[in-house]
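Here is a friendly tour of a few spots worth a look in this protein. Keep the viewer open and follow along.

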Amino acid sequence: MAQIQVKFFTQQKKYEVSEAPFSVLGSVSGSDLCDLINKLRLEQDDESEKKSFDFIVNGEFLRSSLLQHIEEKGLSVESVLPVEYFEAKESPELKSTLSENDWISGIQLNKQHILTGTYDCSVNIWCRNSETKLATGLAHTEPIKCIAWIPSFGGENDSNEKLASTSQDQKIVLWDFDKEKNSLRPKFSCKGHSRSVESIAVNSKHETFASGSWDCTIKLWSASYVPEKGGLEDEQISSASKKKRAKLEQTGISRVPQMTVAGHTEVVSGLVWVDNNQLCSGSWDHTLRLWDMSEGKETSQLRGTKAILSVDYSKLNQTLVTGNTDRHVRLWDPRSTGSVVKSNRTSHHGWVTCVKWCKTNSNLLVTGSLDNLVKMWDIRSTKTPLFDLTAHTDKVMCLDWHKSETIASGGADNKVFLFSAHDGSLQQTLS
């Protein structure tokens with residue numbers, strides 16, 4: 001078996017070993033290299049504890065023998081091979097389970113609360129600390145499809161929090177949550193779509209939000225909670241009778257969109273803002289489209305081969321990720337045009353319904369599928385996910401990853417599962 005010269009390096013200083021080249025057999029695996037690193041650490045410090053390490057060779061995880069990896073990547077065995085290593089991540093741990101009365105189609109976390117939307121037409125807010133339900137809102141007449149917090153300038157210290165929900169009833173409702181009274185009431189009812197509203201995304205300044213629908217359009221709306229002076233919203237309040245005012249308290253003031261853009265030929269199933277003006281939309285028509293929403297114009301189109309169910313964007317690595325109906329997870333470069341799939345990840349056995357990047361680590365993402373599984377991926381591992389998070393007994397419908405510490409999933413088993421993501425091991429950005 002061939003001998004290969006390797007040079008180990010790490011960004012975790014506490015695990016550093018000599019950078020002198022070592023000669024190893026081509027047949028060595030990751031576990032063999034792990035034993036070698038631990039032996040070298042013990043020689044430097046006889047009190048060092050044995051650790052598990054992962055290895056990166058030429059930008060990808062070592063998941064086979066070193067020689068096989070070298071041959072697959074077309075690397076030379078004549079020169080010293082740099083091998084990066086770091087402590088292996090721990091599997092996320094199931095911490096909590098919450099139960100709803102129907103399928104959970106939307107979930108988002110903030111520091112204090114868990115927001116869910118369900119197929120019984122309700123919007124629900126839970127306390128993260130006590131895991132008790134604080135409020136339920138009923139202003140929709142059909143199942144909820146997605147939900148979103150609308151952060152305010154005062155942050156989570158404000159006495160009130162704002163949020164939005166979309167539904168099969170063709171509406172988006174803007175809600176006001178009074179944290180002191182634990183009351184949830186509709187403030188605005190956004191009307192304009194002609195079919196179910198499937199997706200929503202709030203821009204980075206929290207001034208506007210976009211919605212996508214089965215009517216194949218994207219609409220842009222004001223996220224302001226102040227009625228437009230002298231306009232339709234102000235008129236509804238000023239001219240309302242006592243009876244009408246009471247109804248507005250239950251349904252919210254009617255709001256119309258600021259803009260409508262069209263181009264997709266199937267449902268707009270996913271939305272995410274790339275920056276404050278640039279919006280990305282994913283559709284069952286197999287395309288991702290980028291829009292300049294300051295002008296309402298499509299700027300580029302990325303074409304795939306299968307329907308897109310979900311999309312997210314990482315500001316850390318400037319990459320889009322999509323979940324698709326052929327069970328693949330795809331990574332895209334939004335700065336390119338045409339069909340620019342950077343890579344595929346295949347492990348799910350059903351439609352990939354939801355995808356979410358980690359906000360503090362450019363390499364990590366989670367996905368959920370109709371196969372009942374949530375999977376955590378490191379994009380440098382091209383063959384297998386890092387972990388399968390097995391908790392759901394029915395299809396996974398929604399996901400969120402709050403900062404780097406908590407992964408939340410909701411499904412058709414009416415359950416919310418909260419996983420601790422061991423954020424101390426995830427604080428790694430672009431290397």
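By class, the residues lining the largest cavity are six charged, four polar and one nonpolar. This is a predicted model, and the cavity in question has a volume of about 60 Å³. The structure holds one cavity of 30 Å³ or more. The points below start there and then move on to the helix α2, two buried serines and some loop residues.

**The cavity and its lining**

- The lining of the largest cavity is made up of E60, F61, R63, S64, H69, E72, K73, R380, S381, T382 and K383. Two elements, β4 (60-61) and α2 (66-73), each give two or more residues to this lining.
- Which element gives the largest share of the lining? That is α2, with three residues.

**Helix α2**

- The buried residues in α2 are L66, L67, H69 and I70. Viewed down the helix axis, the buried residues of α2 fall within an arc of 160 degrees, so they line one face of the helix.
- An α-helix has 3.6 residues a turn, so residues three or four places apart point the same way.
- Against which strands do the buried residues of α2 pack? Their partners are β1 (3-9), β2 (22-25), β3 (53-57), β4 and β5 (81-87).
- H69 is worth selecting in your viewer: this histidine is buried in α2 and is also one of the residues lining the largest cavity.
- After α2 comes G74, which has a positive phi, near 70 degrees.

**S165, a buried serine in β12**

- S165 sits in strand β12, which covers residues 160-167. Is S165 buried or exposed? With a relative accessible area of 0%, S165 is buried, because the cut-off for buried is under 20%.
- The side chain of S165 has polar contacts with two other side chains: one of 2.7 Å with H140, and one of 2.8 Å with W175.
- Setting aside neighbours within four places in sequence, the contacts of S165 are V123, H140, I144, C146, I147, K171, I172, V173 and W175. H140 and W175, the polar partners described above, are therefore part of this list too.

**S369, a buried serine in β29**

- S369 belongs to strand β29, residues 364-369. Its relative accessible area is 0%, so S369 counts as buried.
- Beyond residues up to four places away in sequence, S369 touches H348, G350, W351, V352, T353, K395 and V396.

**Loop residues**

- N101 lies in the loop between β6 (93-99) and β7 (104-109). Its relative accessibility is 64%, so N101 counts as exposed.
- How far apart in space are N101 and T118? Their C-alpha atoms are 7.9 Å apart, while the two residues are 17 residues apart in sequence.
- N101 also touches D120 and N414, when residues up to four places away in sequence are not counted.
- Q170 is not a glycine, yet has a positive phi of about 80 degrees. You will find Q170 in the loop between β12 and β13 (171-178), where Q170 counts as partly exposed at 32% relative accessibility.
- H286 is another residue that is not a glycine but has a positive phi of about 80 degrees. H286 is in the loop between β21 (278-283) and β22 (287-292), and its relative accessibility of 28% makes H286 partly exposed.

Definitions and conventions:
Residues are numbered from 1 along each chain as its sequence is written. Side-chain values use heavy atoms; hydrogens and water are left out. Helices (H or I, at least four residues) and strands (E, at least two) are DSSP runs, numbered from the N terminus. Buried means under 20% relative accessible area, exposed over 50%, partly exposed in between (1.4 Å probe, protein chains only). A polar contact is a pair of N or O atoms within 3.5 Å; within protein, one must be able to donate a hydrogen and the other to accept it, and residues adjacent in sequence count only if both atoms are side-chain atoms. Contact means heavy atoms within 4.5 Å. On a 1 Å grid over the protein atoms alone, a cavity is a set of points where a 1.4 Å probe fits but cannot get out, and a pocket is an open set with protein on both sides within 12 Å along at least five of seven lines; lining residues have an atom within 4 Å of a point. Grid points are joined across faces, edges and corners, and a volume is the space filled by probe spheres set on the points. Ala, Val, Leu, Ile, Met, Phe, Trp, Tyr, Cys and Pro count as nonpolar, Asp, Glu, Lys and Arg as charged, and the others, Gly among them, as polar. The arc is that of the directions from the helix axis to the C-beta atoms.
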